Structure formats: structure tokens, C-alpha cells
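Below are some comments on the model, set out point by point so that each can be checked against the coordinates.

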Amino acid sequence: MELKGLKAWIIYIALDFQYIWSKLRQDDAKYGHKMLDKYESLLRQHDLRPTRQRLLISEILFGCDRRHVTAEQLRSEVADRGGNMSLATIYNTLNQFSDVGLLREIKLEENVTYYDTNNDHHHHFYDPKQSKLIDIPSEQISLDKLPDVPDGQTIDRVDVIIRLS
């Protein structure tokens with residue numbers, strides 16, 4: 001890539017980040033409190049640097065009720081807010097959030113992964129026709145018997161996913 005083309009690309013990225021940052025600041029003014037400070041604090045509490053991408057993703061994920069989202073759905077929401085993030089950046093951020101306990105990763109099939117903002121112990125219904133996960137409170141599932149655990153292992157938790165048709 002020529003230097004001229006590289007400069008144009010860098011300017012484009014910088015302008016895109018400026019736009020995202022201004023939208024987040026508008027949300028601050030709109031809601032009358034420091035939304036960015038809230039998400040910046042949340043990220044720092046989990047030893048994550050509060051980059052503009054992480055702040056925008058945090059605001060989208062944690063700025064509303066508990067939810068389930070795929071990386072592709074999140075990318076669409078980022079675009080709806082005027083952001084331009086690669087799917088790789090979104091996956092990396094979701095995986096980092098999962099690694100530090102901000103999200104719970106739910107792998108349904110080989111190519112279907114949801115990220116859950118509800119970290120309380122619970123289970124799910126999965127509706128493949130609507131591509132939707134629905135929370136089931138853990139007390140609504142009763143497990144009477146579990147198999148013997150292999151030697152040297154312990155059960156961390158049991159996740160139940162009930163597939164609907």
C-alpha cells in the first residue's frame with residue numbers, strides 16, 4: 001500500500017473513532033450521567049484497558065436489560081450507532097469480556113455462540129427458528145442424579161439448554 005493510501009486509511013479510522021466517541025458523549029448528555037465513566041470503571045475493575053471499542057461494546061451490552069447476543073448481532077448494533085468495527089475485533093472483545101467474567105459464553109452448535117450478560121446461575125431454552133435464547137431460573141430445573149465424576153475431577157457447574165421446536 002502506498003504511503004498516500006495508508007495516510008487516508010489512518011485518517012478514516014481516526015474519524016470513525018471520533019464519531020463513536022462523540023456518540024457515546026451524546027449518550028452521556030442524553031441520560032444525564034456519566035455513562036462512559038460507568039463503563040470505564042467496569043473495564044478497569046476487570047483489568048481491561050477502556051479503549052473506545054470496548055467502551056462502545058460495553059455500552060451496547062450493559063446499557064440495557066440482561067440479554068443474549070452473537071458477535072454478528074453485536075456488529076450490526078455497532079454499525080447502527082455509526083461505528084465500524086471488524087468482526088475479529090468484536091470476537092476478541094467478547095472473548096476478553098468472557099475471560100474476565102463480564103459475559104458468559106454459550107456454545108450451542110459448532111458455528112453458534114451466544115454471549116450472555118447474565119452471570120447468575122441459570123439455564124436456557126433455545127429456539128432455533130427464532131435464533132433466540134430464553135433464560136430459565138436455576139430453581140426451575142431439578143437434577144436428581146448426576147453421573148459419577150472421573151477421578152481427580154470435580155463438577156464446576158451444570159448448564160441445561162432445552163432446545164425448542
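**Notes on the fold, the cores and the backbone**

1. The model is a predicted one, and the comments that follow should be read with that in mind. In strand S4 (residues 122–127) and strand S5 (residues 132–137), the two partners run antiparallel and are joined by six bridges. Within this pairing, tyrosine 126 stands opposite leucine 133 of S5. The two strands make a hairpin with four residues between them, and serine 131, which belongs to the turn, has a positive phi of about 50°.

2. S4 also pairs with strand S6 (residues 161–163), here through three bridges and in a parallel direction. Phenylalanine 125 has isoleucine 162 of S6 as its bridge partner. As to burial, S4 is largely enclosed by the rest of the structure, because five of its six residues are buried.

3. For orientation, the secondary structure of the protein chain amounts to five helices and six strands. Read from the N terminus, the elements follow the order α-α-α-β-α-α-β-β-β-β-β. The chain has 165 residues, of which 33% count as buried. Among contacts with a separation of 6 or more, 46% are between residues 24 or more positions apart.

4. A further sheet deserves a separate comment: three strands form an open sheet in the order S1-S3-S2, with antiparallel pairing. Its edges are strand S1 (68–69) and strand S2 (104–109), each of which pairs on one side only. S2 and strand S3 (residues 112–116) are antiparallel and are connected by five bridges, and the hairpin that joins S2 to S3 does so through two residues. Two of the pairs can be checked by eye: glutamate 105 has tyrosine 115 in S3 as its bridge partner, and lysine 107 has threonine 113 in S3.

5. Turning to the helices, helix H4 (residues 71–80) packs against helix H5 (residues 87–99) at an angle of about 115°, and their axes are 10 Å apart. The crossing of H4 past H5 is right-handed. From H4, the contact involves Ala71, Glu72, Leu74, Arg75 and Val78, which meet Leu87, Ile90, Tyr91 and Leu94 of H5. By class, the residues of this contact comprise seven nonpolar and two charged, with no polar ones.

6. Which residues have the most contacts inside the largest nonpolar core? They are Ile57, Leu61, Leu74, Ile90, Leu94 and Phe97, in a core of 20 residues. The elements that contribute two or more residues to this core are helix H2 (35–45), helix H3 (52–62), H4 and H5, and H3 gives the most, with six residues. Another core lies apart from it, with six residues that include Ile106, Leu108, Tyr126 and Leu133. As a general background, nonpolar side chains in soluble globular proteins tend to be buried together.

7. H3 merits a closer look, since nine of its eleven residues are buried and the helix is therefore largely enclosed by the rest of the structure. The buried residues are Arg54, Leu55, Leu56, Ile57, Ser58, Glu59, Ile60, Leu61 and Phe62, a list that a reader may wish to inspect residue by residue. Isoleucine 57 touches Leu74, Val78, Met85, Ile90, Thr93 and Phe97, when residues up to four places away in sequence are not counted.

8. Two backbone positions should be examined individually, given that most residues other than glycine have a negative phi. Aspartate 47, although not a glycine, has a positive phi of about 55°, and it is located in the loop between H2 and H3. With a relative accessibility of 73%, aspartate 47 counts as exposed, because the cut-off for that class is over 50%.

9. The second position is serine 131, which is found in the loop between S4 and S5 and whose phi, near 50°, is likewise positive in a residue other than glycine. Is serine 131 buried or partly exposed? Its relative accessible area is 36%, so serine 131 is partly exposed.

Note on methods:
Residues are numbered from 1 along each chain as its sequence is written. This is a predicted model: local features need pLDDT of at least 70, side-chain atom pairs count only at pLDDT 80 or more; totals for chains, interfaces and linings use all residues. Side-chain values use heavy atoms; hydrogens and water are left out. Axes are lines fitted to C-alpha atoms, for helices over the stretch in contact, and angles run from 0 to 180 degrees between N-to-C directions. A crossing is left-handed if the near helix is turned anticlockwise from the far one by less than a right angle, and right-handed if clockwise. Contact means heavy atoms within 4.5 Å. Ala, Val, Leu, Ile, Met, Phe, Trp, Tyr, Cys and Pro count as nonpolar, Asp, Glu, Lys and Arg as charged, and the others, Gly among them, as polar. Buried means under 20% relative accessible area, exposed over 50%, partly exposed in between (1.4 Å probe, protein chains only). Two strands pair if DSSP finds at least two bridges between them. A nonpolar core is a set of buried Ala, Val, Leu, Ile, Met, Phe, Trp, Tyr and Cys residues joined through side-chain atoms within 4.5 Å.
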